[in-house]
Amino acid sequence: MAETITITDDRTGQTVTVPIEGGVFPASAIRSLDPSLFVYDPAYMQTASCKSAITYLDGDNGILRYRGYPIEQLAEKSTFLEVAYLLLHGELPTAEQLSVWHHDVTHHTFIHENMRKRFVDGFHYDAHPMGMFVSALAALGTFYDGAKDIDDPESRHRQILRLIAKTPTIAAMCYRFSVGLPFNYPNNDLSFPANFLSMMWKVGDEYVLDPVLEKAMDVLFILHADHEQNCGTTAMRVVGSSNADPYSSAAAAASALYGPLHGGANEAVVRMLNDIGSIDNVPAFIQSVKDGQGRLMGFGHRVYKNYDPRATIIKQTAYDVFEVTGKNPLLDIALKLEEVALQDPYFIDRKLYPNVDFYSGLIYQAMGFPVEMFTVLFAIPRTAGWLAHWQELLSDNEQKISRPRQWYVGPETRDYVPMSSRV
Ligand code: CMC
């Protein structure tokens, strides 16, 4: 039997019955009862803002799939570029499609010289790389005439290629500027992660990359590529819904990602581990969190009420990386924190488990990235997810410009008070 929900407006006695599909019922039911009646839902806790066929997330059971494919299989068997294709096109590419995709992305990696010489060079010497990255995304759009042709599928595809291909270049450029090193141009003979790492670290002509680190970077890119309607992706959709160009929309999404409750958490985790300093201080730190003095960063999630499946993969990847780089001394503190928290009723009752950011920062740090780069590393692959959602949004006939309503709680109308009468 079809599932339905019946809503009664007790003010009028009117009722409406609508179907429940996939655990969701349409808000138009409320509108049909009274167009001036709204649902109050701060932070969209109970609101599905769109239909999406991109990423499936089951927070109670710790399941994450891109286009139906389990994240564990993709992390083990796929590459980031293949995953980006999958997110954007809905299907895994054939060998020929992958070869074209690979060629097209790697041949869009260069950026206009003015971006580096005029734009990036204008930042203060100690500018945060994520602030530079956000601004650079918006600036990039000004270099392309077609950026605003969002209704032209061919132009849309070209902007998507550019954004995916150029984000590693921009990221590395922001880093090199921040440490005063000359910019390394992209090397189109390298894989996507190897090219990024080479632009980051190459000094002179020398750069030898350990394949374990290349694979780890790619796995981290895969794990961060999409995560359905999170804060950044919602920002992408909201801004994109006004028909803004994808560069401006991606800059908005990256700004959302920058916050410490979102993509900035990986940076906050390492700072927190440094502050804790030793495993002996872990119990006291956990107590301070329980007393309300700050949060255990890298723990908890709006949707996952179980171990974040990405955290499981990242923890394994961390051990692979430490084989090459040597163990990050903060690992022991992280392991102890996890052990103590997972046995503590405060965290158990609230279903707080390690999320994607708990261990990723340890890998980044072991690979040599400064903490300021961590959120940038998140933003590079997430660009593919943002663009997949942007594309889905533009082809969804049920979508319009995003425009929520409010519950006005301010003063009633009152007369202007002259300055002389104000107290
Ligand atoms: N440490 C301590 N207590 C916590 C934590 C935490 N990390 N997370 C949630 N809580 C408590 C919170 O105080 C509240 O307790 P009470 O019911 O007594 O008031 C309860 O758990 C529910 O928390 P909430 O803030 O209502 O949950 P939320 O769904 O709004 O927040 C979150 C989700 C991710 C923002 C939050 O868990 C958090 O701040 N975590 C730390 C930051 C972090 O690691 N963020 C990365 C998230 S994953 C990657 C990404 O999204 O970018």
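These exercises with worked solutions walk you through a ligand site, some salt bridges and the strands of one predicted model.

The model is predicted, so local features need pLDDT of at least 70, side-chain atom pairs count only at pLDDT 80 or more, and totals for chains, interfaces and linings use all residues. Residues are numbered from 1 along each chain as its sequence is written, and side-chain values use heavy atoms, with hydrogens and water left out.

**Exercise 1: the ligand site**

Describe the residues around the ligand and its polar contacts.

Step 1. Count the neighbours, taking a residue as near if one of its heavy atoms lies within 4 Å of the molecule. The ligand is surrounded by 20 residues. The closest are His 262, Arg 295, Leu 296, Gly 298 and Arg 302.

Step 2. Sort the shell by class. Ala, Val, Leu, Ile, Met, Phe, Trp, Tyr, Cys and Pro count as nonpolar, Asp, Glu, Lys and Arg as charged, and the others, Gly among them, as polar. The shell then has 10 nonpolar, 6 polar and 4 charged residues.

Step 3. Look for polar contacts, here pairs of N or O atoms within 3.5 Å. In the side chain of Arg 295, an N or O atom is 2.8 Å from an oxygen atom of the ligand. Phe 299 uses a backbone N or O atom, 2.9 Å from a nitrogen atom of the ligand. For Tyr 346, a polar side-chain atom lies 3.0 Å from a nitrogen atom of the ligand.

Step 4. Finish with the area (Shrake-Rupley method, 1.4 Å probe). Taken alone, the ligand exposes 940 Å², and the protein buries 73% of that.

**Exercise 2: salt bridges**

Work out where the partners of three salt bridges lie and whether they are buried or exposed.

Step 1. Fix the rules. A salt bridge is a side-chain nitrogen of Lys or Arg within 4 Å of a carboxyl oxygen of Asp or Glu. By this rule the count comes to 15 salt bridges. Buried means under 20% relative accessible area, exposed over 50%, and partly exposed in between (1.4 Å probe, protein chains only). Helices (H or I, at least four residues) and strands (E, at least two) are DSSP runs, numbered from the N terminus.

Step 2. Start with Arg 116 and Glu 113, whose side chains meet at 2.9 Å, N to O. The two are separated by about one helical turn because they are 3 residues apart in helix 5 (residues 113-119). Glu 113 is partly exposed, at 28% relative accessible area.

Step 3. Move to Lys 336 and Glu 339, with their closest N and O atoms 3.5 Å apart. Both lie in helix 15 (residues 331-342), again 3 residues apart, about one turn of the helix. Lys 336 is partly exposed at 27%, and Glu 339 is partly exposed at 39%.

Step 4. Now take Asp 245 and Lys 148, which meet at 3.9 Å, N to O. Asp 245 is in the loop between helix 10 (231-240) and helix 11 (246-258), and Lys 148 is in the loop between helix 6 (129-141) and helix 7 (153-178), so the pair ties together parts that are 97 residues apart in sequence. Asp 245 counts as buried, at 9% relative accessibility, whereas Lys 148 counts as exposed, at 64%.

Step 5. Add a network: salt bridges link Asp 9, Arg 11 and Asp 34.

**Exercise 3: strands and hairpins**

Trace how the strands pair and what their turns contain.

Step 1. Recall that two strands pair if DSSP finds at least two bridges between them. Strands of a sheet pair through backbone hydrogen bonds, either parallel or antiparallel.

Step 2. Begin with strand 1 (residues 4-9) and strand 2 (residues 14-19), which run antiparallel and are joined by 6 bridges. Thr 4 stands opposite Pro 19. These strands form a hairpin with 4 residues between them, and Gly 13 in the turn has a positive phi of about 80°.

Step 3. Go on to the open sheet, with 3 strands in the order 3-4-5 and antiparallel pairing. Its edge strands are strand 3 (55-58) and strand 5 (69-70), each pairing on one side only.

Step 4. Follow the links. Strand 3 and strand 4 share 4 bridges, and Asp 58 has Ile 63 as its bridge partner. In their hairpin, Gly 62 takes a positive phi near 65°. Strand 4 (residues 63-66) and strand 5 share 2 bridges. Their hairpin has 2 residues between the strands, and Arg 67 in the turn has a positive phi of about 50°.

Step 5. Compare the faces of strand 4. In a regular strand the side chains alternate between the two faces of the sheet. Leu 64 and Tyr 66 make up the covered face of strand 4, and Ile 63 and Arg 65 the uncovered one.

Technical notes. A polar contact is a pair of N or O atoms within 3.5 Å; within protein, one must be able to donate a hydrogen and the other to accept it, and residues adjacent in sequence count only if both atoms are side-chain atoms.
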